[in-house]
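Q: Could you take a close look at one part of this model for me, and then work outward from there? I'd like to hear which pieces pair or pack with which, residue by residue where you can.

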Amino acid sequence: MTKKIFRSIITVALTVLLASIAIATSFLYEYFNTAQVNRLQSALSLVADTVNEVDTAYFENFDSTAFRFTMVDADGTVLYDSESDATQMENHADREEIAEAFREGKGSSARNSATLTEKTFYEAVLLENGDVLRISVSQLTVGSLIIGMLPAICAIILIAASVALILSHKMAKKVTEPLMHLDFEYPSENNAYEELVPILNKIHTQHEQIRSQMETLRRKSDELEQIISSMNEGLVLLDEHGMVLSMNTAAKKIFSVRKEDKNIDFLLVDRTSKMSKAVWNALAGNHSAYDEERGGNRYQFNINPITSDGKTLGVVILAFDITEKAFSERNRQEFTANVTHELKTPLQSIIGSAELLENGLIKPEDVGRFVGNIRKEATRLVSLINDIIRLSQLDENHEAETEAVELTEVAEEVLDVLAVSAAKKNITLNIQGENCTVYGVRRYIYEIIYNLCDNAIRYNVDGGAVTVSVQKEEDRTVISVSDTGIGIAPAHQSRIFERFYRVDKSHSKETGGTGLGLAIVKHAAAYHDAEISLESTKGKGTNIKISFKG
């Protein structure tokens, strides 16, 4: 600021000085021009009066060193010139001042020399005898005058600049010194310029507001830190480069971190391939989640991007301890396996009924009913056992052989198998779309399509329709099964994929289902990392989509 004030003062001082010199020179030059013209007019008047009295004899012994006199007759011929031979001079009739004198009695003009360094002033008057007498004098132009005065002007500028330098330095220092000692920590206590008081008061107000906001932020930060530290879930925050910004106590325990690991690459903290893939996926703007066992406990990891205005600013990793949930799931899986065996017990009852029939203890008219019930129950039990076995296999996540599976081909196989069931209810089976291939386990995909179509037939209306559609949607392959059946009420839609869950248990025997079909669909889809979506309207039908990657 001092330098800026200093430069401004110097600039203003030199500008004013140069302007003053220019203005003074202009006024002086104009003054001297006017004085010269007046002098010429006075001298011309005196000489003209004398010439009118004594005629041209006046010039016989005339000697003038200050002015030049010229006598011109009516046709422009030079009769006399005080400095040159009149006989050698050219005709002057076209001279401005002479022509004006012949015309108006008086004439005047001013002309620059060829080099522009001199300016000649002319005054002319018409004599009584009809001739014109002209007087002239030359003087320097403004440019020549300035060039002649240049040494003096430079000396003046140099002296003025030196004085301005000294004074401006002192003035700038004096102006800025109070500003350099302002105390912005306590703006209201400054003894500065009166003009700065409003600004200082505003700074003081803003300072207090900032201090209050900083205190609030500090308090909230402490509260947030305490909440994060006391969380049972592990929380890790990463920046856009995957560097650790924050890690709470639970996360340090999960990832076996013994010290503060800020500003290091998180992939150096956790080197597992699943976590590396998930973090890179989140940095690309996508969500990832997976389960993994660590230190005897089962954890679920959710890895999400932190975005703003469409730009990924970082990653948040949440780790949930799902050991109890996993334990319950294992117990349920064991229960399912046990039920598989226990379901064979009713077969003893069936065998007993068969023995009664064999021994002739059933009335002849009841034999058909007993045989039909035995067959029906046996069929249901076998189907249930088969479903439980398949579901158990999916739960245990057995590695199965994968291959390229053509969905339309599998769908056609399923519809061929279910054609008889559909015909009994007068249901039309349709398949549409395009040939799409996914990479997976063929028998699991068959189970998905079969159970969806089987349910669509079981819960359809007489004369209804079931449509299987296969198509590409962006980067995913989608197979959907829609029906014109009874539909599912919104209250039940979130639970229909649970095992043994039935919307209407009173009609379970009528439909003949095992209650495990959609559970098999859910687990088979999960095995292929596929997504399930459901759209259903009560009384109008249901549409279930399975969306495979790729």
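A: Let's start with strand 8 and strand 9, which pair in the antiparallel sense over 7 bridges. Keep in mind throughout that this is a predicted model. One residue pair to find on screen is S288, which stands opposite I303 in strand 9.

Now zoom out a little. Strand 8 and strand 9 belong to an open sheet of 5 strands, in the order 7-6-10-9-8, and the pairing is antiparallel. Its edge strands are strand 7 and strand 8 (288-294), each of which pairs on one side only. From one strand to the next, the twist averages 20°.

Going from strand 9 to strand 10, you pass through a loop, and that's where D309 sits. D309 isn't a glycine, yet its phi is positive, at about 55°. Is D309 buried or exposed? With a relative accessible area of 81%, D309 counts as exposed, because the cut-off for that is over 50%.

Strand 10 (residues 311-321) then pairs with strand 6 in the antiparallel sense, over 6 bridges. To line the two up, look for L235, which stands opposite L318 in strand 10. Strand 6 (residues 234-239) has 5 of its 6 residues buried, so the rest of the structure largely encloses this strand. Strand 6 also pairs with strand 7 (residues 244-247), again in the antiparallel sense, this time over 3 bridges. Here L238 has V244 in strand 7 as its bridge partner. Strand 6 and strand 7 make a hairpin with 4 residues between them, and G242 in the turn has a positive phi of about 80°. That brings us to strand 7, the edge strand at the other end of the order from strand 8.

There's a second sheet worth setting beside this one. It is also open and has 5 strands, in the order 12-14-15-17-16, but here the pairing is mixed. Strand 12 (428-433) and strand 16 are the edges, each pairing on one side only. The twist averages 15° from one strand to the next. Within this sheet, strand 15 (residues 476-483) and strand 17 (residues 541-549) run antiparallel and are joined by 7 bridges. V478 and S547 stand opposite each other in that pair, with S547 in strand 17. Helix 13 packs on this sheet and touches strand 12, strand 14 (465-473), strand 15 and strand 17; the direction of helix 13 makes about 20° with that of strand 15.

Helix 13 (residues 442-458) has helix partners too. What happens where helix 11 (residues 407-417) meets it? The two axes come within 9 Å and cross at roughly 50°. Helix 11 and helix 13 are therefore oblique to each other, and their crossing is right-handed. On the helix 11 side, the contact includes L407, V410, V414 and L415, while the helix 13 side includes R442, I445, I449 and C453. By class, this contact has 11 nonpolar, no polar and 3 charged residues.

The other partner is helix 16. Its axis and that of helix 13 come within 9 Å and cross at roughly 145°, and helix 13 passes helix 16 in a left-handed crossing. From helix 13, Y444, I448 and L452 are among the residues involved, and they face a set in helix 16 that includes L518, I520, V521 and A524. Here the residues divide into 9 nonpolar, 3 polar and 1 charged.

Helix 16 (517-527) leads on to strand 16 (531-537) through a loop that holds D529. Phi of D529 is near 55°, a positive value in a residue other than glycine. D529 is partly exposed, with a relative accessible area of 45%.

One last stop is Y122 in strand 4 (residues 118-126). Y122 is buried, at 14% relative accessible area. Setting aside neighbours within four places in sequence, Y122 has contacts that include E97, R111, R134 and I135. The C-alpha atoms of Y122 and V137 are separated by 7.0 Å, although the two residues lie 15 apart along the chain.

Key: Residues are numbered from 1 along each chain as its sequence is written. This is a predicted model: local features need pLDDT of at least 70, side-chain atom pairs count only at pLDDT 80 or more; totals for chains, interfaces and linings use all residues. Side-chain values use heavy atoms; hydrogens and water are left out. Axes are lines fitted to C-alpha atoms, for helices over the stretch in contact, and angles run from 0 to 180 degrees between N-to-C directions. Angles under 35 degrees count as roughly parallel, over 145 as roughly antiparallel, 65 to 115 as roughly perpendicular and the rest as oblique. A crossing is left-handed if the near helix is turned anticlockwise from the far one by less than a right angle, and right-handed if clockwise. Contact means heavy atoms within 4.5 Å. Ala, Val, Leu, Ile, Met, Phe, Trp, Tyr, Cys and Pro count as nonpolar, Asp, Glu, Lys and Arg as charged, and the others, Gly among them, as polar. Buried means under 20% relative accessible area, exposed over 50%, partly exposed in between (1.4 Å probe, protein chains only). Two strands pair if DSSP finds at least two bridges between them.
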